[in-house]
Amino acid sequence: MAADVEGLSQVLRVRREKLEALREKAIQPFAYAFDRTHTAASAVADFEEAEASERLDEAGHGGTATIGGRIVSWRDMGKSAFGHVEDAAGRIQIYFRKDVLGDESFEDLELLDLGDWVGVTGPMFRTRTGEVSVRAESWTLLTKSLRPLPLGKVETDAETGERIVHSGFADQEARYRQRYADLAVHPEVREVFRVRAQVITALRQFLDNEGFLEVETPVLQPLYGGAAAEPFVTKHNALDQTMYLRIADELYLKRLIVGGLDRVYEVSKDFRNEGLSRFHNPEFTMLEWYQAFTDYEQQMDLVERMLLHVLDTVRGGRSLTYGEHEIHFEPPFRRIGLVASLSEALGTDVHEMPDEALVAKAEELGVPDLEGAGRGKVIDKIFGELVEPQLVQPTFVIDHPKELSPLAKEHRADPRLTERFELYIGGVEIFNGFSELNDPLDQRARFEAQASLRAAGDEEAHQVDEDYIRALEYGMPPTGGVGMGVDRFLMMVTNQPSIRDVILFPVLRSED
RNA sequence: GCCUCGCUAGCUCAACUGGCAGAGCAACUGACUCUUAAUCAGUAGGUUCGGGGUUCGAGUCCCUGGCGGGGCACCA
């Protein structure tokens, strides 16, 4: 045992030694369970209520509380000590006195460290400086912490009540790699993930109320599709078959519409084997839904109602601060035609522009990598440069060129376009939906066009999915469908600058 | 994949044109029974991301590798 301790740094060694000392005193350093009567927050609330209704005893004590939590601060005064204990939702100050605890229990406090989990029991009171606290009559060690947490010192601004953290834990890499430590020392990070759960619950609630059925479709797929992206490739040993991790749920969900499950949705992890960025994690959460008998117009209305439901539920308001922007969600959101708005920006009808003029315009804007790009792709690129960044307030961009959308129905009024929308918020694409293509012959033709792109070297083009076409041949009712980038939406709701800040364990290169 | 910035004590950061690697917090010893960034006195703590090179001498300059942040590309 002693040999293990040799190579450790001083701070780790000291804690191991305290662990040994605890064992020698027959103090169990890793308890089995603990019954508490209050959380930190509920204890404070109880005391304040007792105080308000004048139910304190003559010593100023409210009821007795038993709290469990992690020690996050400590101030030793000799024969007394103050510390804060933090649980999932709050922190509370504990006051330890030698004359209350007795000599032995008080001296054992020396074996505690910041980061240890403890249970404490005692009456509640308010200190001279006004903080609601527990006067410890007994305490028990729940878990000894053998590694110091990067706890910053917390100052509460006397004027504003603001919480100021000194030093702390700032290294982004370390925070993502050791999310446990990040969460342990940053209540505001825990809050982001609480909001995340609330948002996903609210989304489910909304769709459930609209009569949708939540379903689960395969993650492991023999053919991938539903988006233009490179997949992760794996292999099933017993079947001796190549499998792909899904890049989208779309084709499976529409098979369910064919089968008569006329309103379905799935909250899914999708996987795309692409670069990483502030807006891209290789595995990410997508919400997709499909609703029979609707078109993209009705789906835009649904998206609006859904967003308002989520914001009302989670934020209690229809505005968000995202970075330097104030974003207001007041329906109906602006709707602009992709080609129409681009024509306006360029001062000339895009449909009338020859291919060469479009390419020239793209090059002028510094769009790289135009090699082999079709007309639709070039238009999309120019749009991305000129219009997209301005779409801060929620804006539906609608009616995309046909070649960009192999799964969307041709526009009923213009065969060059499709009935499709993308909703941009804060300059970022969050939703993508369309009137779903349900003509199996047209679908086959579009797949085959994709297949020839693929043969020409486009790794991201669709493969022909014969089984999906077979499903469409049985007949899919008119259907509107939508996909939502849940992580990106959460970036907006929680005002986080990177997708990694809303994903608990973002993808990183392995440490060794 | 490309550009760029970074990696120094457990944490947050210093260290000039190359010249003994430092501070605050945390830790340890001591004082202190209402403190709250507690305070006061003292002590210890380092593979400066790894490898190689230049130099009398490298945290610092050069080469190479690793990991990360930001940007770009990719992402219909």
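**Chain A and RNA strand B: a short walk-through**

Let me begin at one contact: a backbone N or O atom of G78 in chain A lies 3.3 Å from a base nitrogen of RNA strand B, which fits the meaning of a polar contact here, a pair of N or O atoms within 3.5 Å. Before going on, I should say that this is a predicted model, in which local features need pLDDT of at least 70 and side-chain atom pairs count only at pLDDT 80 or more, while totals for chains, interfaces and linings use all residues. Residues are numbered from 1 along each chain as its sequence is written, chains are lettered from A and ligands numbered from 1 in the order in which they are written, and side-chain values use heavy atoms, with hydrogens and water left out.

Two further contacts reach the bases: a backbone N or O atom of R128 is 2.6 Å from a base oxygen of RNA strand B, and a side-chain N or O atom of H280 is 2.2 Å from a base oxygen of that strand.

Around RNA strand B there are 58 residues, of which T129, G168, E173, H280 and R500 come nearest, where near means that a heavy atom of the residue lies within 4 Å. Of the RNA atoms that come within 4 Å of the protein, sugar and phosphate account for 60%.

Which helix supplies the largest share of the surface near RNA strand B? That is α2, with four residues; helices here are DSSP runs of H or I with at least four residues, and strands are E runs of at least two, numbered from the N terminus.

As for the whole, chain A has 16 helices and 23 strands.

Terms used. Polar contact = N/O pair within 3.5 Å; in protein donor to acceptor, adjacent residues only side chain to side chain.
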